[in-house]
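Visitor: I would like a close look at one part of this structure, the surroundings of the bound ligand and the pieces of the chain that lead up to them. Please take it slowly.

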Amino acid sequence: MTEKNNINTIISDGNDNEAISKASKILKNGGLVAFPTETVYGLGADALNEEAAAKIYAAKGRPSDNPLIVHIADKDSVYELATEVPEKAVMLMEAFWPGPLTIILNKKKIVPDGTTGGLDTVAIRMPSHPVAMKLIKESGVFIAAPSANTSGRPSPTLAEHVIEDMNGRIDMILDGGAVGIGIESTIVDLTGDVPTILRPGFVTKKMLESIIGEVEIDKAIIEPDPNLRPKAPGMKYTHYAPKGEVTIVEYEDDGINPDKDKDESPQSNDKKVIDKINSLVEKKNAQGYKTAVIATKENAPYYKCENVLIVGEADKGVTISANLYAILRKCDTIGAEYIYSEALNQNELGGAIMNRLLKAAGHRVIKAN
Ligand code: TXA
Ligand code: MG
């Protein structure tokens, strides 16, 4: 029986001031509160209280070497947490905070090992969501918060997702409705010579470079290579995967005969993807399996599948990022055994979205041509 640990989770409207007061008290006393941010819901605890941070790992079933992001409500707080704040960090803070950017800096001693997974560095983010802001300010603590999902599941973009994963395991959930961005913050490591993206997100490489010049991307997150270890420990774990098998179907020029497809419009490339997915679905259905298709709005009407899940508009990245995790969760709700997704890379957030989709698919990608 796990009843003993089964506290009752309080679920409240995040816009209610009384609820924020209650949540603040819980945090100050070392408890756990899930709250909305502009990226995904976070599972918060007092970042400087090692015992409180330890509870996060227990609630999520998270490996203890995977460090937490410390959320602050005031740029000056960075100086309390980091030993040095390089000029490029200040420039990024000015340009993107509050917002979906996390920076990695060398940590001060007050940040316990239990929060940083034993690393000498600390991840810091100033979220822009009003509920997150109010909670940090009113509680007066820095809030360590990973995404509020069970380890391995897609991050929560609705309070309902948090309830699904965390009900009975944490003290309180603040409901702020649907989040805006839907994928986790961009993480940039500023402790080395060249700033390095450890996790792609809403703030793109191009946006970062427009402020601070050259930025690298951690090679380990571009290609799955067992010899490369991602610099963000969390990036090495399987993530976001529904129970069914996800396959991405993409159209790609094979480069062998570059002129061959010269006059083809993108629409006919899409048609090849649609035809390929329809034939895969047909095969699996004939074998008695339940299937689902993850499609852009434009292409959705052309799929012959019992479950066509519309993820967003092909060329508007944020319509896709906002829905992606809810759609991956839905695959489980409907019990899909085989899931086929279009490649979702034709937009400004393509890199960040494909990073998550590829993980959900265990890097299973097939060509439509
Ligand atoms: O958007 C977000 O960042 C959300 C919301 C709640 O703020 N949080 C989030 O946290 O995505 P989490 O724990 O799910 O992901 C944090 C990532 C992990 O991959 C972790 O390994 C990495 O940040 N990380 C944290 N501290 C680090 C450090 N000192 N060095 C390198 N990577 C670090
Ligand atoms: Mg996470």
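Guide: What follows goes from the ligand to a strand, then to a loop and a helix. Keep in mind that the model is predicted.

Start with ligand 1. There are 28 residues around ligand 1, and those that come nearest are T39, N66, H71, S185 and G234. Some side chains also make polar contacts with the ligand. In the side chain of R62, an N or O atom is 2.8 Å from an oxygen atom of ligand 1. For S147, the corresponding distance from a side-chain N or O atom to an oxygen atom of ligand 1 is 2.9 Å. R125 places a polar side-chain atom 3.0 Å from an oxygen atom of ligand 1.

R125 leads to the next stop, since R125 is among the residues that V70 touches. V70 sits in strand β4, which covers residues 69-71. V70 counts as buried because its relative accessibility is 0%, and buried means under 20%. Leaving aside residues up to four places away in sequence, V70 touches A47, L81, T115, V122, A123, I124, R125, F142, I143 and A144. The chain also brings D46 into this region: D46 is 24 residues from V70 in sequence, and their C-alpha atoms are 9.0 Å apart in space.

Now take the loop between β11 (216-217) and β12 (245-250), where D218 lies. D218 is buried but has no salt bridge. The nearest side chain of opposite charge belongs to K231, 4.1 Å away. A salt bridge needs a distance within 4 Å, so this pair does not count as one. K231 does have a polar contact with D218 through its backbone: the backbone nitrogen of K231 lies 2.8 Å from a polar atom of the D218 side chain. Beyond four places in sequence, D218 touches T196, I197, L198, P230, K231 and A232.

The last stop is helix α7, residues 159-166. Which of its residues are buried? They are A159, H161, V162, D165 and M166. These residues lie on the same side of α7, because they cover an arc of only 155° around the axis. Their cover includes β2 (33-35), β3 (42-46), α2 (50-60), β8 (172-175) and α10 (317-333). D46, met earlier at 9.0 Å from V70, falls within the β3 range. After α7 comes G168, which has a positive phi, near 85°.

Definitions and conventions. Residues numbered from 1 in each chain as written. Chains lettered and ligands numbered in written order. Predicted model: local features only at pLDDT ≥ 70, side-chain atom pairs only at ≥ 80, totals over all residues. Heavy atoms only, no water. Helix = DSSP H or I, 4+ residues; strand = E, 2+ residues; numbered from the N terminus. Buried < 20%, exposed > 50% of the residue type's maximum accessible area, 1.4 Å probe, protein only. Contact = heavy atoms within 4.5 Å. Arc of directions from axis to C-beta. Lys, Arg positive; Asp, Glu negative; His and termini not counted. Polar contact = N/O pair within 3.5 Å; in protein donor to acceptor, adjacent residues only side chain to side chain. Near = heavy atom within 4 Å.
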